[in-house]
Protein chains: 2
Amino acid sequence: MEEHALKALGERITCLRQQREWSLSHLAERAGIAKSNLSRIEQGIGNPTLDTLWRMARQLEVPFGTLVAPAAGALIDSGMRVTLLEQGTDDACPVDAYLMHCDPHSRRIAEAHTPHTRERVEVIHGHIRVGPTEAPAELDAGDSLEFNADCEHLYEAGDQPVAMLITILHAPRRPR
Amino acid sequence: MEEHALKALGERITCLRQQREWSLSHLAERAGIAKSNLSRIEQGIGNPTLDTLWRMARQLEVPFGTLVAPAAGALIDSGMRVTLLEQGTDDACPVDAYLMHCDPHSRRIAEAHTPHTRERVEVIHGHIRVGPTEAPAELDAGDSLEFNADCEHLYEAGDQPVAMLITILHAPRRPR
DNA sequence: ATAAAACGTTCGATTAAAGGAACAATCTGA
DNA sequence: TCAGATTGTTCCTTTAATCGAACGTTTTAT
């Protein structure tokens, strides 16, 4: 298994724990695991059991997938991870679909894409400021936005972890 | 850990494996784990390690979260495969994000969801007729649609395989 | 028909994850 | 100030997850 993923998992757990202002000992006790075990996991050493992860996700009130899945994607920038879900095969309108996770307060400025490229985002949870750098929008869970991505654009997470779908439309949408 | 969850996990892995028409031995070899290990896991006995689960998810090409916690589950219908990508944690607006694949000419009529539930679809590739049964829309790659899902609604693929993102908004969107 | 291969399960041996206690360092309160 | 509690880490022990091999069975091929 990839060492980086273990480290990312540990950091994520530490982050979630500290958000709740819990001590390591406290979370370990709540979850019913030894604090020595939790300590090693947060350090990114070891290889936790499903049971251990399960108990922690329950106490942190985090969907199990989000606890470990964000590590699956490529880390593109400080605290932001992107996973390619699917690439469109349609030449007339090539579409890339991504799932993106952002740590709290993470921020990224993306370069302009090729002309006429549009980008669409849908927020699953959290709060994020996103859009062209000079005119970003504020989105919450359930909100969506479509904007021209052929200019510099911004992603900036709020004070909670953010999950969002991103679709990149590499050609202008065909009029219907 | 709950015994039932372990059993469900095992059945899910068996199902995913058989969908691909792989033998237990084959998946074990691909994933780089002992087949004795995989056998135990599919039987629901034991408590697999993150590393083990990770390797299996990679080979099955399933997002890690859906492997262990498919709350809504990855359900198989006539030629349609749905995988849960992420569940929103925001109580104010719980969002479920799915990736859906449809075989050519597959067709499905979904029951009405709870009142005020809305559904948003984004087509990655292929052509599909989707929306309320009495007024479906025709979408191509790059198109999107949002509609009320508190009534019977339809999915009907064209003559090519379809991939699409589906987000289900379980509460009315908060006015901004 | 019979051998060969592959199937999934079960069995000990090895490895490592989880638990428990001791540790120094830090924070708390009298 | 000083005792007590709590922090997170590290050691050692216990437990069990993983591995490799052997097993009986089924499928395939000659």
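Guide: A polar contact here is a pair of N or O atoms within 3.5 Å. Keep in mind that this is a predicted model.

Visitor: Okay. What does the side chain of Ser23(A) have close to a phosphate oxygen of DNA strand D?
Guide: An N or O atom of that Ser23(A) side chain sits 2.9 Å from the phosphate oxygen.

Visitor: Which backbone atoms lie 2.7 Å from a phosphate oxygen of strand D?
Guide: There is a backbone N or O atom of Leu24(A) at that distance. A backbone N or O atom of Thr49(B) is also 2.7 Å from a phosphate oxygen of DNA strand D.

Visitor: Which elements give two or more residues to that surface?
Guide: In chain A, α2 (24-31) and α3 (35-42) do. In chain B, α3 (35-43) does.

Visitor: Which residues come nearest to strand D?
Guide: Of the 19 around DNA strand D, they are Leu24(A), Ser39(A), Ala34(B), Thr49(B) and Thr52(B).

Visitor: How do the residues of that surface divide into nonpolar, polar and charged?
Guide: Four are nonpolar, 12 polar and three charged.

Visitor: And on the DNA side, what share of the atoms within 4 Å of the protein belongs to sugar or phosphate?
Guide: For strand D, 66%. The rest belong to bases.

Visitor: Switching topic. Is Glu42(B) buried or exposed?
Guide: Glu42(B) counts as buried, because its relative accessibility is 12% and the cut-off for buried is under 20%. Glu42(B) lies in helix α3 of chain B.

Visitor: What does the Glu42(B) side chain make a polar contact with?
Guide: The side chain of Arg17(B), at 2.8 Å. Leaving out residues up to four places away in sequence, Glu42(B) also touches others, including Gly10(B), Ile13(B) and Leu24(B).

Visitor: How many salt bridges are there over all chains?
Guide: The whole structure has 17. In one of them, Glu156(A) and Arg129(A) meet at 2.8 Å, N to O. Glu156(A) is in strand β9 and Arg129(A) in strand β6 of chain A, so the pair ties together parts 27 residues apart in sequence.

Visitor: Which residues are linked with those two in a network?
Guide: Arg107(A) and Glu138(A) join Arg129(A) and Glu156(A) in a network of salt bridges.

Visitor: And in chain B, what does Glu156(B) meet in salt bridges?
Guide: Arg107(B), at 3.2 Å. That pair links strand β4 with strand β9, 49 residues apart. Glu156(B) also meets Arg129(B), at 2.8 Å.

Visitor: How accessible are those two arginines, Arg107(B) and Arg129(B)?
Guide: Arg107(B) is partly exposed at 44%. Arg129(B) is partly exposed at 28%.

Definitions and conventions:
Residues are numbered from 1 along each chain as its sequence is written. Chains are lettered from A and ligands numbered from 1 in the order in which they are written. This is a predicted model: local features need pLDDT of at least 70, side-chain atom pairs count only at pLDDT 80 or more; totals for chains, interfaces and linings use all residues. Side-chain values use heavy atoms; hydrogens and water are left out. A residue is near a molecule or strand if one of its heavy atoms lies within 4 Å of it. A polar contact is a pair of N or O atoms within 3.5 Å; within protein, one must be able to donate a hydrogen and the other to accept it, and residues adjacent in sequence count only if both atoms are side-chain atoms. Helices (H or I, at least four residues) and strands (E, at least two) are DSSP runs, numbered from the N terminus. Ala, Val, Leu, Ile, Met, Phe, Trp, Tyr, Cys and Pro count as nonpolar, Asp, Glu, Lys and Arg as charged, and the others, Gly among them, as polar. Buried means under 20% relative accessible area, exposed over 50%, partly exposed in between (1.4 Å probe, protein chains only). Contact means heavy atoms within 4.5 Å. A salt bridge is a side-chain nitrogen of Lys or Arg within 4 Å of a carboxyl oxygen of Asp or Glu.
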